[in-house]
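User: I would like to learn how to read sheets, helix packing and residue surroundings in a model. Could you walk me through one?

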Amino acid sequence: MGTDRTEYHREACPCGGGHLVIEWHEPDHSYQTSSGNWAYFIKCETCDRAYVLTSQDGSVILVRRADVEQRRALEREGRDLCEKIMRSPHARLLRQELEKLLDEQRSMAAAHRVLTESGVIYAYSIARFRDRVRHDGYGCVVDDELWAEKLPCVAALIGRDTAPIDVDLRRVKELRNAANAPDVPVGEPIFQLRR
Ligand SMILES: [Zn+2]
């Protein structure tokens, strides 16, 4: 078994020494009809060092590799900062009080309701919740579901503020927005993805 490759587009790369190529790849066994995918290539060493082909809003665009690396650095910084926040004394206090509040609930259903209404969990079925709590306790659910950006929900729930971690939380939001900003294309879109 191999892959059928169909070339859909080819144009000169920015430096003119090679090509930008867009292909559709499909397994060559026909019973899987929906399992194809687009593949993009910069067939030029110089341009491959400087650029990346990616898709955005249904178009293939060229972006600077430095921009992609900058975005990864922002994502990494955001993750590290979230971990730092979670290790802080204030986050540990909020977490302890949350677990205490859960332990005080009369039933798992009540604890599930508290967590859902406060926004700590969402789309977490009661059946799955019961199962997890029975096996591993509330602490494990909190481990899985509580991350830095949910701490304001927890603080509101237990009647505390987030003052000691507000500066870091604001920075996390800025980093997330910067990391999620749309890619800035170099030049016009290369190709519209449609088959
Ligand atoms: Zn080139």
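Analyst: Happy to; we will take the sheets, then the helices, then a single residue, bearing in mind that this is a predicted model.

User: Let's begin with strands 1 to 3. What is the strand order in the open sheet, and how do the strands pair?

Analyst: The order is 1-2-3, in an open sheet of 3 strands with antiparallel pairing. Strand 1 (3-12) and strand 3 (37-43) are the edge strands, and each has a single partner, so one side of each lacks a neighbour in the sheet. From one strand to the next, the twist averages 25°.

User: How many bridges join strand 2 and strand 3?

Analyst: There are 7 bridges, in the antiparallel sense, between strand 2 (residues 19-27) and strand 3. To find the pairing on screen, look for His-19, which sits opposite Lys-43 in strand 3.

User: And what is the order in the open sheet that holds strands 4, 5 and 6?

Analyst: That open sheet of 3 strands runs 4-5-6, with antiparallel pairing. Its edges are strand 4 (51-56) and strand 6, each with a single partner strand, so one side of each has no neighbour in the sheet. Strand 5 (residues 59-64) pairs with strand 6 over 2 bridges, and Val-60 is opposite Phe-191 in strand 6.

User: Which helix lies across strand 4 and strand 5?

Analyst: Helix 2 (residues 65-87) does, running at about 85° to strand 5.

User: Now the helices. How are two packed helices described?

Analyst: Two numbers do the job: the angle between the axes and the distance between them. Take helix 4 (residues 108-117) and helix 5 (residues 126-136), whose axes come within 10 Å and cross at roughly 115°. Angles of 65 to 115 degrees count as roughly perpendicular, and that is therefore how helix 4 and helix 5 stand to each other. The crossing of helix 4 past helix 5 is right-handed.

User: Which residues meet where helix 4 touches helix 5?

Analyst: From helix 4 come Met-108, Ala-109 and His-112, and they meet Ile-126, Phe-129, Arg-130 and Val-133 of helix 5. Sorted by class, this contact has 5 nonpolar, 1 polar and 1 charged residues. As a general idea, an α-helix has 3.6 residues a turn, so residues three or four places apart point the same way.

User: At what angle do helix 5 and helix 6 pack?

Analyst: The angle is about 120°, and the axes of helix 5 and helix 6 (residues 138-145) are 7 Å apart. These two helices are therefore oblique to each other. Phe-129, Arg-132, Val-133 and Asp-136 of helix 5 meet Tyr-138, Cys-140 and Val-141 of helix 6. That contact divides into 5 nonpolar, no polar and 2 charged residues.

User: How many of the residues in helix 5 are buried, and what follows the helix?

Analyst: Helix 5 is hardly covered, with 1 buried residue among its 11. After helix 5 comes Gly-137, with a positive phi near 85°.

User: Last, a single residue: where is Asp-183, and why does it count as partly exposed?

Analyst: Asp-183 is in the loop between helix 8 (166-180) and strand 6 (191-192). A residue is buried at 20 or more C-beta neighbours within 10 Å and exposed at 12 or fewer; Asp-183 has 17, so it counts as partly exposed.

User: Which residues are in contact with Asp-183, leaving aside neighbours within four places in sequence?

Analyst: They are Thr-54, Gln-56, Ile-61 and Val-63. By contrast, Leu-115 lies 68 residues away from Asp-183 in sequence and 35 Å away in space, C-alpha to C-alpha.

Conventions: Residues numbered from 1 in each chain as written. Predicted model: local features only at pLDDT ≥ 70, side-chain atom pairs only at ≥ 80, totals over all residues. Helix = DSSP H or I, 4+ residues; strand = E, 2+ residues; numbered from the N terminus. Contact = placed C-beta atoms within 7 Å. Pairing = 2+ DSSP bridges. Axes fitted to C-alpha atoms, helices over the stretch in contact; angles between N-to-C directions. Parallel < 35°, antiparallel > 145°, perpendicular 65-115°, else oblique. Left-handed = near helix turned anticlockwise from the far one by under 90°. Nonpolar A, V, L, I, M, F, W, Y, C, P; charged D, E, K, R; others polar.
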